[in-house]
Amino acid sequence: MVPSPADPSKICNKEKKLPPPLQLNAPLEVVDPEIADIVELEKARQWKVLLPSRFAESSEMKSSLGLELMPLNNSEGCPGARYYGGNEYMDMAESLCQKRALEAFRLDPAKWGVNVQSLSGSPANFQVYTALLKPHERIMALDLPHGGHLSHGYQASAITDTKKISSVSIFFETMPYRLNESTGYIDYDQLEKSATLFRPKLIVAGASAYARLYDYA
């Protein structure tokens with residue numbers, strides 16, 4: 001009879017290893033306590049020091065994402081158009097997410113779509129750019145040293161244009177706007193002058209590490 005995973009004292013042998021049938025169900029603390037300790041240390045670090053572009057997930061969020069099961073499936077593609085079978089419940093989850101996203105942003109589903117599977121903010125931003133812009137059209141965004149983000153088209157030197165750091169700056173023409181360093185606020189007057197000169201197709205009103213509210217007026 002295979003002992004219950006709820007009683008770890010009965011399932012560990014002399015080498016503190018689990019029999020194969022239980023390795024998939026026992027807690028990480030039992031299977032690999034060293035890794036479990038590292039995970040707890042990282043969890044504690046995230047609550048103390050967290051970058052502006054990151055966040056600490058609640059247990060409810062982790063549960064809703066199905067982190068124990070959902071990543072195990074191959075789900076390339078979109079709902080109803082997968083490469084692999086066995087995705088009927090992934091289709092249900094992604095379709096619901098798409099519906100809620102369109103409702104949240106009050107978008108017409110006949111005109112807009114939602115990509116649920118962006119791996120991070122950078123690919124998601126690039127998807128927006130390619131949806132709205134043609135190659136080499138112009139973007140203005142907050143400069144990275146002033147609180148912007150790499151995916152907003154940062155270049156190592158805005159003057160010499162010698163090193164394009166991100167794919168956004170390779171596929172599109174980019175110009176940064178910056179802060180008034182004496183106030184810490186975006187220099188909207190200079191932004192307007194630069195935009196009049198540069199004539200961007202898109203101005204990014206968002207940042208990674210700018211703590212002020214944007215003045216949309």
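This is a dialogue on how some descriptions of a predicted model are reached.

Student: What makes Tyr-210 and Tyr-214 an aromatic pair, and why is the pair called edge-to-face?

Tutor: The ring centres of Tyr-210 and Tyr-214 are 5.7 Å apart, and rings pair if their centres lie within 6.5 Å. The planes stand at 75°, and an angle over 60 degrees counts as edge-to-face. The search of the whole structure finds five aromatic pairs.

Student: Why is Tyr-210 called buried?

Tutor: Its relative accessible area is 13%, and buried means under 20%, so Tyr-210 is buried.

Student: How do you know on which side of the cut-off Tyr-214 falls?

Tutor: Tyr-214 has 17% relative accessibility. That value is under 20%, so Tyr-214 counts as buried.

Student: What links Phe-126, Tyr-129, Phe-171 and Phe-172?

Tutor: Ring pairs join these residues into a cluster.

Student: What makes Arg-212 count as lying over the face of Tyr-185?

Tutor: Arg-212 is 4.4 Å from the ring centre of Tyr-185, and the limit for CZ of Arg is within 6 Å. The charge must also be within 35 degrees of the ring normal. Arg-212 is listed as lying over the face of Tyr-185.

Student: How many disulfides does the search find?

Tutor: The search of the whole structure finds zero disulfides. A pair of cysteine sulfur atoms would have to be within 2.5 Å to count.

Student: Are Cys-78 and Cys-97 buried, exposed or partly exposed, and why?

Tutor: Cys-78 has a relative accessible area of 48%, and Cys-97 has 36% relative accessibility. Partly exposed lies between the 20% and 50% cut-offs, so both Cys-78 and Cys-97 are partly exposed.

Student: What makes the lining of the second largest pocket nine nonpolar, four polar and no charged?

Tutor: The count goes by residue type: Leu, Trp, Ala and Val are among those that count as nonpolar, whereas Gly counts as polar. The pocket holds about 500 Å³ of space. Leu-107, Trp-112, Gly-113, Ala-124 and Val-128 are the closest to its centre among the 13 lining residues. Helix H5 (residues 121-132) gives the most to this lining, with five residues.

Student: How many cavities of 30 Å³ or more are there?

Tutor: The count comes to one. The largest cavity has a volume of about 90 Å³. Of its 12 lining residues, Asp-143, Gly-153, Tyr-154, Gln-155 and Pro-176 are the closest to the centre. Strand S4 gives the most to this lining, with three residues. By class, the lining has six nonpolar, five polar and one charged residues.

Notes:
Residues numbered from 1 in each chain as written. Predicted model: local features only at pLDDT ≥ 70, side-chain atom pairs only at ≥ 80, totals over all residues. Heavy atoms only, no water. Phe/Tyr/Trp six-rings, centres within 6.5 Å; stacked < 30°, edge-to-face > 60°. Buried < 20%, exposed > 50% of the residue type's maximum accessible area, 1.4 Å probe, protein only. 1 Å grid on protein atoms, 1.4 Å probe; cavity = no way out; pocket = protein on both sides within 12 Å on 5 of 7 lines; lining within 4 Å. Points joined across faces, edges and corners; volume = space filled by probe spheres on them. Helix = DSSP H or I, 4+ residues; strand = E, 2+ residues; numbered from the N terminus.
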